[in-house]
Amino acid sequence: MANNKILSVEEEAKLIEPIEEYVQKIQSQIDELRANGTDKVLSLRNTIAVTKADKNFDKEERADIIAKAKAEMVKAKEVEASNKDKVASLVADAESYLKAHFESEYYSKVAASCDAEKVEALDAYDRQVAKIKTEHEQALAKLSDAQEIKDEKYVFKNKLFDAKMSCDSKLQLIKDRRHDAFAYQYHLIDLLRMSKFTPAQKRKQRWENYKYTFNVGQFFMKNGLYIVILLIFIGLCIITPLVKHTPLLTVANVLNILQQASPRMFLALGVAGLILLTGTDLSVGRQVGMGMVTATIIMHQGINTGGVFGHIFDFTGLPVAGRAVLALIVCVILSTVFATIAGFFMARFKMHPFISTMANMLIIFGLVTYATKGVSFGAIEATIPSMFIPKWGSFPTIIIWAVVAVVVVWFIWNKTTFGKNLYAVGGNPEAASVSGISVFWVTLSAFILAGILYGFGSWLECLRMVGSGSAAYGQGWDMDAIAACVVGGVSFTGGIGKISGVVTGVMIFTALTYSLTVLGIDTNLQFIFEGIIILSAVTLDCLKYVQKK
């Protein structure tokens, strides 16, 4: 017996009919008011744009057409302005009517019908499965041959699969019907408002679209790692007070984590651009060591006690602030030069970045170690950190440097031609090349940007640590930067990644390391945690890539 709550197509059409008639009547009035106003303005703007792009017109013809269009547009805008209040009043009337009638007289009934239809579909599926099982058991009772039994089991599995697919298809149609009913209200509003929805309307549509497209498997594949890491942090926050008799989640600890993460943010942002191109950079840690040595030498407290290739540098004659700026410039230049060299070999000779950056890593470490004899250069002028990264109360302003870097790189990635080309080349270099993008210059520019960020990051780390520069400093930072990007969703398959993901990845690894250190976990064991997280992140990334293929 059919459930009387389930609406037929004809019944659903009758429910929406009075609502459509009312809104369409108002829409006709609005269209009439817009005909010689808003619609004409849009048409004339299009005419001007097309005329400017049309090469068939000479300069005088083009100017004449555009001038006439602009003159007409002035009149059209006057009509638009005179009708503005009338249109707004009619739109408000239609929206008020929809608010009062759409939900109660149409959508709620369709939603109830869909719920009933879903229950009926699931019941029908259960009955079909039970029938298939009964038939299977009866068939098996009549068989004795092993091959025939095997064939029957194969047929049984296929019947179950077909029943499941049929049920899923019905459920999806019901889901689509419900979503279409919800969306129809905004289709009417779209016509009334000419796609200019209010913030509340946009939020409601986004939430409904999220529910409509939500998939449990996809959700856990995308966010499962973050959920596990969050649970680990919650566990650490519970365990630490019990073991160490001190709370982990305090303002001071959070600020310490942000302070430690700030220089690393520069490095991860640089590497992220290379991973977008399916590349990487193994020289990041050595770039940090080189920057620390360089910055410490220039900003050293007094005359340097160690030499470079046997030469003792003395920068004490320069103003303290000038020395800090000089150190930043030299760090940026050196890191950019080495990054550019690696990028050139990748872009020009198609060399795998693993090789070009590994060579860079060895050259930098060997050069700096040989030049300095492995000596640590001590502390920098104590007044320099307070000039560039002072503390405002307990707040370390080094965090602001990282925030600025995030904003700048986000702008480059999302609002510039270079950023769009970066995604295009990372996604499909052959297609990008055919469309006129220079793969060589995009690749080289990505390494140059990375080098600039490395220079800033190493300089900031020098200020944070108040010097102590040595060639060995930064060991393992390359892995941390790469891991942060991977955990943050920057895919090694290329062309996939967001700045927000990079920030999340850096914060996850810095917070994890800090938390484990506070808890007293051995540094070597911390590497195991990091390795498991990296392996999990890359596995999930590969699974997503395989699904897309």
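Start with what is hidden: buried residues make up 40% of the 549 residues in this chain. Keep in mind that you're looking at a predicted model.

**The whole chain**

Switch to a cartoon view and you'll find 18 helices and two strands. Now zoom out until everything fits on screen. The C-alpha atoms fill a box of roughly 95 × 90 × 55 Å along the principal axes. A compact globule of 549 residues would have a radius of gyration near 24 Å, but this chain comes out at 33 Å.

Turn on the surface next. About 29,900 Å² of the chain is accessible, and 63% of that belongs to carbon and sulfur atoms. If you colour by charge, you have 55 positive and 49 negative charges to look for, and their mean positions sit 6 Å apart.

How much of the contact network joins residues 24 or more positions apart? Among contacts with a separation of 6 or more, such pairs account for 79%.

**Stop 1: an aromatic pair**

Select F388 and W459, and show their side chains. The model has 22 aromatic pairs, and F388 with W459 is one of them: the ring centres are 5.4 Å apart and the planes meet at 80 degrees, an edge-to-face arrangement. The two partners come from distant parts of the chain, with F388 in helix α11 (residues 383-388) and W459 in helix α15 (residues 439-465), 71 residues apart. Hide the surface if you can't see them, since F388 and W459 are both buried.

**Stop 2: T397, next door to F388**

Keep F388 on screen and add T397. T397 lies in the loop between β2 (395-396) and α12 (398-415). Is T397 buried or exposed? T397 counts as buried because its relative accessibility is 4%, and the cut-off for buried is under 20%. Leaving aside neighbours within four places in sequence, T397 is in contact with F388, I389, P390 and W392. So that's F388 again, this time as a contact of T397.

**Stop 3: helix α5 and an aromatic cluster**

Jump to Q205, in helix α5 (residues 199-213). Q205 has a relative accessible area of 18%, so it is buried. What does Q205 touch, beyond its neighbours within four places in sequence? The answer is F182, Y186 and F197.

While you're here, select W207, Y210, F214, F219 and F220. These residues form one aromatic cluster.

**Stop 4: two residues with positive phi**

Here's a bit of background: most residues other than glycine have a negative phi. Now select H245, which is not a glycine and yet has a positive phi of about 55 degrees. H245 lies in the loop between α6 (216-244) and α7 (251-276). With a relative accessible area of 68%, H245 is exposed.

Follow α7 to its other loop and pick T278. T278 lies in the loop between α7 and α8 (284-299). Its phi is positive too, about 60 degrees, and T278 isn't a glycine either. T278 is partly exposed, with a relative accessible area of 36%.

**Stop 5: distances to try with your ruler**

Select V375, in the loop between α10 (353-372) and α11. V375 is partly exposed at 33% relative accessible area. Not counting residues up to four places away in sequence, V375 touches G469 and S470. Then draw a line from V375 to A71: the C-alpha atoms are 76 Å apart in space, and the residues are 304 apart in sequence.

Next, go to P18 in helix α1 (residues 9-35). P18 has a relative accessible area of 38%, so it counts as partly exposed. From P18 to K150 is 60 Å, C-alpha to C-alpha, with their positions 132 residues apart in sequence.

Finish at T539, in helix α18 (residues 523-548). T539 is partly exposed, with 41% relative accessibility. What separates the C-alpha atoms of T539 and M221? Draw the line and you get 10.0 Å, for two residues that are 318 apart along the chain.

Conventions
Residues are numbered from 1 along each chain as its sequence is written. This is a predicted model: local features need pLDDT of at least 70, side-chain atom pairs count only at pLDDT 80 or more; totals for chains, interfaces and linings use all residues. Side-chain values use heavy atoms; hydrogens and water are left out. Helices (H or I, at least four residues) and strands (E, at least two) are DSSP runs, numbered from the N terminus. Buried means under 20% relative accessible area, exposed over 50%, partly exposed in between (1.4 Å probe, protein chains only). The radius of gyration is taken over C-alpha atoms; the globule rule is 2.2 Å times the number of residues to the power 0.38. Contact means heavy atoms within 4.5 Å. Accessible areas come from the Shrake-Rupley method with a 1.4 Å probe; for residues, only the protein chains shown count as cover. Lys and Arg count as positive and Asp and Glu as negative; His and the chain ends are not counted. The place of a charge is taken as NZ of Lys, CZ of Arg, CG of Asp or CD of Glu. Rings of Phe, Tyr and Trp (its six-membered ring) pair if their centres lie within 6.5 Å; planes under 30 degrees apart count as stacked, over 60 as edge-to-face and the rest as tilted.
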